[in-house]
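Hi,

Here is the structure I promised to pass on. Have it open while you read, and my notes follow below.

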Amino acid sequence: MFENVAAEELLKAVRMHDFDPHDDPMDGDRIDAIKACEQVVRAAQAMQAQQIAALDTSRASHLTLGHGDHSLSVIGELGMARNISPSAACNHYGFAVGLARMPHVAAVFTAGGISEQAARLVVRESTGLDREQVTRLDTLLDGLIVGLTPRKAGDLARHYAIGIDADAAFKRAKANRSDRFVSYFPDTDGVAVLQVRGPAEQLLAAYNSLGKAARTARAAGDNRTTGQVMCDEFAQRVTGLKTANSAGVEIGLIMTLGNLLDIDDNPVTLPGFGPIPAALARRIICSGGQTWIRRLFTDPIDHSLTDCDQRRRRFDGTLAKIITKRDRRCRQPGCDSPIRHLDHILAFNNGGLTTKVNGQGLCGRSHTIKHLPGWRVTTEGSQIDWTTPTGHSYRSKRPALIEYVTSGPGHLRQ
Ligand SMILES: [Zn+2]
């Protein structure tokens, strides 16, 4: 049953289409085909999750007490039906059941507005909430998650989940942070993988410290890749062959003054990680990390740009910091990589000014792509449009720093 229906029409159309390079020299039709297939894949994934949740409900009503846990049977059947491992089936089951509690998110997923990965990250943020709170989270996210990358969708869901119950979020964070470990996995052909789980700000600082060492080494002519230098540095520092140069390594906490004064429970943003409970941010600040934690209050950042010299070629100093903290991640639509370059949207040589408005944070790869033939990047207000060689256009919206921090369901304590 259900063979050769549904997406078959689209697949047939793609199969039969004449992708003639003479009629369509830039292969724009292939991009259209890729986009259409993606919609079908997402709709199918959403339907699959819906069927898993419905099967779970059906089994729960058929099996009476004393016949064991019905979910174990569903997970076992799912694993075999999909030919995936029991643990993968268990994950998929958890996602499907969680998604069924969030009808708005499920509708966006079904319509192709977010990827399965994004839907999974959103559902993951709902796991610590009770049924009523999940419904609230689902309602709050309605209309806001369409088109978001997995990371942004997950961050937004966490932001609201923290706001719905800040005390519970803080308790979950405390419990999570006590679950710290290091594990070692032998890999093939002479390499292994070391995995570390621990407090976000500490690991972020460690990661930034290794990245800084790599950039310094490469700037001085070291021809190892960034990843190679980071790995070598890590091994040398941990084994004591070399000590870290901690100077200049810092992480930021974007917060309101109320957050710091303990009168505002809205989530605080840890750039490079995402939203964290305000109580956790206060604890991090009090824990002696002041030397490497920079508190970035929302108001001063947005009003401190007036005296920048717009004719300078390079984005540096305060302006560099503001663009980096404002954009947080690479501005190419769909890319969530860390910012490595500050770019003039309208090129400096074409009269582009060195201003907040004409600046964008990009990762190395996106910066290279932007300057390839046929690519065009333009800005209108806070939005940046990326047009590809085939003429397809994609929009990057600026993450709204202040609105993001101060809106939402969080509350000011009396
Ligand atoms: Zn990028």
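Let's start with one residue pair: Ser183 stands opposite Gln195 in E2. Before going on, two remarks on the numbers. Residues are counted from 1 along each chain as its sequence is written. The model is predicted, so local features need pLDDT of at least 70 and side-chain atom pairs count only at pLDDT 80 or more, while totals for chains, interfaces and linings use all residues.

Back to that pair. Strand E1 (residues 181–186) and E2 run antiparallel to each other and share six bridges; strands count as paired if DSSP finds at least two bridges between them. The names come from DSSP runs numbered from the N terminus, where helices are H or I of at least four residues and strands are E of at least two. Five residues sit between the strands of this hairpin, and Asp189 takes a positive phi near 50°. E2 (residues 192–197) is hardly covered, as zero of its six residues are buried. Buried here means 20 or more other C-beta atoms within 10 Å of the residue's own, exposed means 12 or fewer, and partly exposed is in between, with C-beta atoms placed from the backbone.

There is also an open sheet of three strands, in the order E9-E10-E11 with antiparallel pairing. Strand E9 (376–380) and strand E11 (393–397) are its edges, each pairing on one side only. From one strand to the next, the twist averages 20°. E9 and strand E10 (residues 383–387) are joined by five bridges, and Thr379 stands opposite Ile384 in E10.

Now the helices. How do H3 and H4 cross? The axes of helix H3 (residues 70–82) and helix H4 (residues 86–100) come within 8 Å and cross at roughly 115°. Axes are lines fitted to C-alpha atoms, for helices over the stretch in contact, and angles run from 0 to 180 degrees between N-to-C directions. H3 and H4 are therefore roughly perpendicular to each other; the cut-offs are under 35 degrees for roughly parallel, over 145 for roughly antiparallel, 65 to 115 for roughly perpendicular, and oblique for the rest. On the H3 side, the contact is made by Ser71, Val74, Ile75, Leu78, Gly79 and Arg82, and on the H4 side by Pro86, Ala89, Cys90, His92 and Tyr93. Contact means that the C-beta atoms, placed from the backbone, lie within 7 Å. By class, that makes seven nonpolar, three polar and one charged residues. Ala, Val, Leu, Ile, Met, Phe, Trp, Tyr, Cys and Pro count as nonpolar, Asp, Glu, Lys and Arg as charged, and the others, Gly among them, as polar.

Helix H9 (residues 166–178) and helix H13 (residues 278–286) pack at about 50°, with axes 8 Å apart, and are therefore oblique to each other. Ala166, Phe170 and Ala173 in H9 meet Ala278, Ala279 and Leu280 in H13. This contact has six nonpolar, no polar and no charged residues.

One loop residue to look at is Leu144, between helix H7 (131–141) and helix H8 (150–164). Leu144 is partly exposed, with 14 other C-beta atoms within 10 Å. Leu144 and Leu156 are twelve residues apart in sequence and 8.6 Å apart in space, C-alpha to C-alpha.

For the whole chain, there are 17 helices and eleven strands, and 27% of the 414 residues count as buried. Among contacts between residues at least 6 apart in sequence, 59% join residues at least 24 apart.

Cheers

Technical notes: Contact = placed C-beta atoms within 7 Å.
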